[in-house]
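Subject: Structure handover

Hi,

Here is the structure I promised to pass on to you. Please open it alongside this message, and my notes on what I found follow below.

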Amino acid sequence: MQSILSRKRSRSYRSERLSISSRMVPQMGKMAYGGVLLALGMHFLVNGTGPRWYVVGGALVAMAVPILVASCKKPLNLPPGPRGVPVLGYLPFLTDMPHRHMAELAQKFGPLVHFQLGATPAMIIASPATMKEVLMTQDQVFAARPPALLSSKYFAYTPDEQGRSHGCAGVQLGPYFRNVRRLYTMEMMSAKRMEYFKASRSEEMQVMVRTLWEESAGGRQSIDLRSTAFIPMANNVMTFMVCRKRYHGKNQATEGREVQKLINDVVRSCANVSLANFFPILRPLTAWSSEERNMAAIGKRMDAYLQSLLDARRRANPPKDEAEKTLVDVVLEFQRDDNTEIDDRTRKCVILEMILAGTETVATMVEWTMAELFRNPNIMRKVQSELDAVVGTSRFVQEEDMPNLPYLAAIFKETSRLHPPSPLLFPHECARQTQINGYDIPAHSRIFLNTWAIGRDPKVWDRPEEYNPERFMESPNLKVDHKGQSFNLLPFGAGRRICAGMPLGYSVVKLALAYLCQSFEWSLPEGMDPKTISIEERFGLALTMKHPLRSYFLKPRLPLHLYACN
Ligand code: HEM
């Protein structure tokens, strides 16, 4: 699949704007085909020499009528877009950087582009106005999800024996979805719950700072920041909330190392692109591939681990104090409010979704931001001055300080604009035929919401390629925020499908950045040009850095006792 996706981009430029007449070709073909069938059928009915010929003639006429009726329907007025090839459509021309490729298509064809993914029509949405149309005005129509990915079979019990989906990210709108969203917003991510886990988040940041200090041998050794510090920090924050366990860090027992490996295996499997996702008809064939058997084995191990978390809490007495409850307690206690069922499969899915969605995105945003701050030392100095002025240099920053750190908030927005971890959000689907800007959007079209393209569009942003948080400190962008109201900046999406973990994701990223900037002076080797730090991308489960960011030299900025390991 990867090789199909990574064919030379130049081939795609053979694509041309579809003219009205070429869009009508299928209609004319249908009419001709139906006409031939009708003529033959009539011939046998009129000139046939026995009952056998009348039956053949009648059958041909019966086949011709619906084809002719369909050919008389007004042809769809599809948005402009590139041509593909028979059967596969545009699939062979997509590159392994689909967000960039789709941005180029939008530059060529406009903010609403149509192409075919096999038999499925697909649309690219690439301007704030079309985003608003899809995620606000017609959110009800566009908040559907496409058919489940192959990985959902093994990690989300989807479809189950009754054909149902589980969890939140992959299910369709309806009472089940509403209930699961309620579980997230009213219980797991409620302001109260966020408060209960506040101390654990701070503690995790301190562990991150101390780990960095220790692993870099007192700041002298270059280390891979993502794997040493950012992934462990994000993952520990999530699993601590889920079950009060940290699986990364020193002195991990076998269980910790095993769970860490299991989570890595799941992330790798989910990032695997399979042809069967585009052509479900191939699924019976791929079921025997080593890739899929491996996925099935990992799914089984993950299920056993998640079930063990639920069973362990069921055996223990539930904590009386709300503040003591883990998210496993919360999902076990959550009451359905109508006939929709919150069963163990749903509980396990929600827990896994949280661990996966929370770890990759948070670590990725922190890594991109630190890369941009290394490349722009003046911005790093400015945020450090803000931290010094607001927090001082005798204690670590706290979540309570956040409202007083507007420049840090602007940095979060600027990274969201240039390096959104989900550049195409998650795929949406159009539940029924509708129109955007006068163009027809067929039912079940796949919708790609290209926030990455909008973030780099010179019609939307002044000097878009420049990393410049100041743009959010002044008019006209002063009021732009990440919460789904500003359609030029949508790191978490918007509308019914907006990220269910937004409050947590936002807090953890900002807190981690504040700790990292406040705790260390980060310097590069003498003579190294900061702009040589690569910002190449790799498209996967999240849009990560192709070359993991490394630290070079660290110098503590706060009193040394704060860096001491226990
Ligand atoms: C900075 C961190 C994060 C970013 C940038 C982010 C971004 C996103 C995006 C872009 C979507 C897709 C929206 C759409 O389809 O239109 C999404 C969905 C989702 N996110 Fe996040 N996310 C983050 C953290 C988290 C965390 C911490 C959790 C869990 C606690 C989480 C749970 C989910 C879930 C369950 C969905 C699916 C929502 C649905 O389909 O209704 N995310 N996120």
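Let me start with one residue and work outwards: Arg 193 counts as buried, because it has 20 C-beta neighbours inside 10 Å and the cut-off for that label is 20 or more. Please keep in mind throughout that this is a predicted model. Arg 193 sits in helix α9, which spans residues 191–196. Setting aside neighbours within four places in sequence, Arg 193 is in contact with Glu 187 and Met 188. If you want a distance to check your numbering, the C-alpha atoms of Arg 193 and Gln 335 are separated by 17 Å, with the two positions 142 residues apart along the chain.

A second buried residue is Leu 424, so labelled because 21 other C-beta atoms lie within 10 Å. Leu 424 is in the loop between α19 and β4 (428–429). Beyond the neighbours within four places in sequence, its contacts are Pro 98, His 99, Phe 448, Leu 449 and Asn 450. From Leu 424 to Leu 549 the C-alpha separation is 23 Å, and the two are 125 residues apart in sequence.

**The ligand shell**

Now to the part you may want to look at in detail. There are 23 residues around the ligand, and those that come nearest are Gly 358, Gly 493, Cys 499, Gly 501 and Gly 505. Two elements, α17 (344–375) and α21 (502–519), each give two or more residues to this shell. The largest share comes from α17, with 7 residues. By residue class, the shell has 15 nonpolar, 6 polar and 2 charged members.

Cys 499 deserves its own paragraph. The UniProt annotation "binding site", from an unreviewed entry, covers Cys 499. Where is Cys 499 found? Its place is the loop between α20 (451–455) and α21. Cys 499 counts as buried because 24 C-beta neighbours fall inside 10 Å. Apart from the residues within four places in sequence, Cys 499 is in contact with Phe 492, Gly 493 and Gly 505. Of these contacts, Gly 493 and Gly 505 also belong to the residues that come nearest to the ligand.

**Helix packing**

Both elements named for the shell also take part in a helix pair. The axes of α11 (225–243) and α17 come within 9 Å and cross at roughly 145 degrees. This crossing is right-handed. On the α11 side, the contact includes Leu 225, Phe 230, Ile 231, Ala 234 and Met 238. On the α17 side, residues including Ile 351, Met 354, Gly 358, Val 362 and Met 370 take part. The contact residues divide into 13 nonpolar, 4 polar and 2 charged. Gly 358 therefore turns up twice, as part of this contact and among the residues nearest the ligand.The other pair is α19 (residues 406–418) and α21, with axes that come within 10 Å and cross at roughly 120 degrees. Here too α19 passes α21 in a right-handed crossing. Leu 408, Ile 411 and Phe 412 of α19 meet Val 509, Lys 510, Leu 513 and Ala 514 of α21. The residues of this contact divide into 6 nonpolar, no polar and 1 charged.

**Backbone features to check**

Most residues other than glycine have a negative phi, and most peptide bonds are trans. With that in mind, here are some places to look at before you set anything up.

- Thr 158 and Pro 159 are joined by a cis peptide bond, with omega about -5 degrees. Pro 159 is in the loop between α7 (150–155) and α8 (175–188).
- Ser 475 and Pro 476 are also joined by a cis peptide bond, with omega about 5 degrees. Pro 476 lies in the loop between α20 and α21.
- Tyr 157 is not a glycine, yet has a positive phi of about 50 degrees. Tyr 157 lies in the loop between α7 and α8, and is buried because 21 other C-beta atoms lie within 10 Å.
- Arg 244 is likewise not a glycine and has a positive phi of about 55 degrees. Arg 244 is in the loop between α11 and α12 (254–271), and counts as partly exposed because 15 other C-beta atoms lie within 10 Å.

Happy to talk any of this through.

Best wishes

Notes
Residues numbered from 1 in each chain as written. Predicted model: local features only at pLDDT ≥ 70, side-chain atom pairs only at ≥ 80, totals over all residues. Near = placed C-beta within 6 Å. Helix = DSSP H or I, 4+ residues; strand = E, 2+ residues; numbered from the N terminus. Nonpolar A, V, L, I, M, F, W, Y, C, P; charged D, E, K, R; others polar. Axes fitted to C-alpha atoms, helices over the stretch in contact; angles between N-to-C directions. Left-handed = near helix turned anticlockwise from the far one by under 90°. Contact = placed C-beta atoms within 7 Å. UniProt positions renumbered as here; feature names shortened; annotations may be inferred. Buried ≥ 20, exposed ≤ 12 C-beta atoms within 10 Å, placed from the backbone.
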